[in-house]
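Subject: Structure handover

Hi,

Here is the structure we talked about. Please look it over before your next step. My notes follow below.

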Amino acid sequence: MPSSEYSKPLPVPQPESDYYWEQARHGKLVVQNCVDCEGAQFYPRVLCAGCGSRNLEWLEASGRATLYTFAIVHQPPHPGFRDDLPYITAIVELEEGVRIPSQVIGIEPDPDLLHIGMQLEVAFEEIDESITLPKFRPAR
Ligand SMILES: [Zn+2]
């Protein structure tokens, strides 16, 4: 789809998240891991949120996750989302222990079909040449 038709607000890459977005374009989900306290974190930051260390490394996540919480959106938070309604906004917990905001796709937005803790896997959605968003679908 041409990027000019994408009307939703897009993430704005920051210097510390360039690598994250670059990897997402290649279909890889990466999270930061602190070498000093062994805590993984998301979103990418200059410092470890747990201990303040700058000694951070990138880990490729497995892409496996569980549904931590979700909401079915019927009112668009931005006009660009109107065509998607209803959709499932969610916090998913990666196998690495990091929770990230995303969307659940590939399943009807029906609360009877969704349950906390259900197994999910990452599915990348290419938005334009610089942004590919990690979304999650039920694991096969
Ligand atoms: Zn740390």
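A definition before the strands: a residue counts as buried if 20 or more other C-beta atoms lie within 10 Å of its own, and as exposed if 12 or fewer do. Keep in mind that this is a predicted model.

**Strand β5**

β5 covers residues 87-94 and has two faces. Ile88, Ala90, Val92 and Leu94 make up the covered face. Tyr87, Thr89, Ile91 and Glu93 make up the uncovered one.

β5 pairs with β4 (residues 64-73) through 8 bridges, and the two run antiparallel. In that pairing, Ile91 of β5 stands opposite Thr69. β5 is also joined to β6 (residues 99-104), by 6 bridges and again antiparallel. Here Thr89 stands opposite Gln103 in β6. The β5 and β6 hairpin has 4 residues between its strands. Within the hairpin, Gly97 takes a positive phi near 95°.

**Backbone points to check**

Most peptide bonds are trans, and most residues other than glycine have a negative phi. Three places to look at follow.

- Leu85 to Pro86: this peptide bond is cis, with omega near -15°. Pro86 sits in the loop between β4 and β5.
- Phe42 to Tyr43: this bond is cis as well, with omega near 10°. Tyr43 is in the loop between β2 (40-41) and β3 (56-60).
- Glu38: phi is positive, about 55°, though Glu38 is not a glycine. Glu38 lies in the loop between β1 (30-34) and β2.

Is Glu38 buried or exposed? Glu38 counts as exposed, because it has 10 C-beta neighbours inside 10 Å.

Best wishes

Terms used
Residues are numbered from 1 along each chain as its sequence is written. This is a predicted model: local features need pLDDT of at least 70, side-chain atom pairs count only at pLDDT 80 or more; totals for chains, interfaces and linings use all residues. Two strands pair if DSSP finds at least two bridges between them.
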